[in-house]
Amino acid sequence: MATVKNLFDLTGRVSVVTGGATGLGLQMATGLAEAGSNIVVCSRKLENCEQAAAGIEKLGVKALALAADVTKPDQVEAVKDATLKKFGRV
């Protein structure tokens, strides 16, 4: 019988969570990490992202903290490039 953990296993996946440093975004990033996904946390304040990423890594996954304003295409492109460099995929 399939369990919730089996159905939602994200081990080895990579998730990018915009606005992932605080509030609902942080809760989403944490939930994805608990399911096994590596996490890219991005928001406008790098310091908040770094704190969130440090907490997420305590769950046993890898995390990358990036500052980005998603209304600026060049910053979104930089998030994509940094994610691919660290994890090799999204």
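Trainee: In this predicted model, which residues have the most contacts inside the largest nonpolar core?
Mentor: The largest nonpolar core of the predicted model has 13 residues. Elements α2 (23-34), β2, α3 (46-57) and β3 each supply at least two residues of this core. The residues with the most contacts inside the core are Ala29, Ala33, Ile39, Val41, Cys49 and Ile56.

Trainee: Which element gives the most to this core?
Mentor: The elements that each supply at least two of the core residues are α2, β2, α3 and β3. The element that gives the most, with four residues, is α3.

Trainee: What is valine 41 in contact with, leaving aside its neighbours within four places in sequence?
Mentor: Valine 41 is among the residues with the most contacts inside the largest core. Its contacts beyond those neighbours are Val17, Gly20, Ala21, Cys49, Ala52, Ile56, Leu64, Ala65 and Leu66.

Trainee: Which residues does the second, separate core include?
Mentor: This core has eight residues. One of them, Phe87, is also a buried residue of α4. The second core includes Val40, Leu66, Ala68 and Phe87.

Trainee: How do β2 and β3 run, parallel or antiparallel, and how many bridges join them?
Mentor: One bridge pairs isoleucine 39 with alanine 63 in β3. Strand β3 is mostly covered, with four of its five residues buried. The two strands run parallel, and the number of bridges joining β2 to β3 is five.

Trainee: Why do the buried residues of α4 line one face of the helix?
Mentor: Helix α4 (residues 73-87) has 15 residues, and its buried ones are Val79, Thr83 and Phe87. An α-helix has 3.6 residues a turn, so residues three or four places apart point the same way. Seen down the axis of α4, the buried residues line one face because they fall within an arc of 30°.

Trainee: What covers that buried side, and which exposed residues does the face turned away from it carry?
Mentor: The cover over the buried residues of α4 includes β1 (14-18), β2 and β3 (63-67). On the face turned away, the exposed residues are Pro73, Asp74 and Lys85.

Trainee: Is asparagine 38 buried or exposed, and how far is a polar atom of its side chain from the backbone nitrogen of lysine 62?
Mentor: Asparagine 38 is found in strand β2 (residues 38-43). Its relative accessible area is 15%, so asparagine 38 is buried. Residues that asparagine 38 touches include Val61, Lys62 and Phe87. From the polar side-chain atom of asparagine 38 to the backbone nitrogen of lysine 62, the distance is 2.9 Å.

Methods
Residues numbered from 1 in each chain as written. Predicted model: local features only at pLDDT ≥ 70, side-chain atom pairs only at ≥ 80, totals over all residues. Heavy atoms only, no water. Buried < 20%, exposed > 50% of the residue type's maximum accessible area, 1.4 Å probe, protein only. Polar contact = N/O pair within 3.5 Å; in protein donor to acceptor, adjacent residues only side chain to side chain. Contact = heavy atoms within 4.5 Å. Expected span 1.5 Å × (residues − 1). Arc of directions from axis to C-beta. Core = buried A, V, L, I, M, F, W, Y, C linked by side-chain atoms within 4.5 Å. Pairing = 2+ DSSP bridges.
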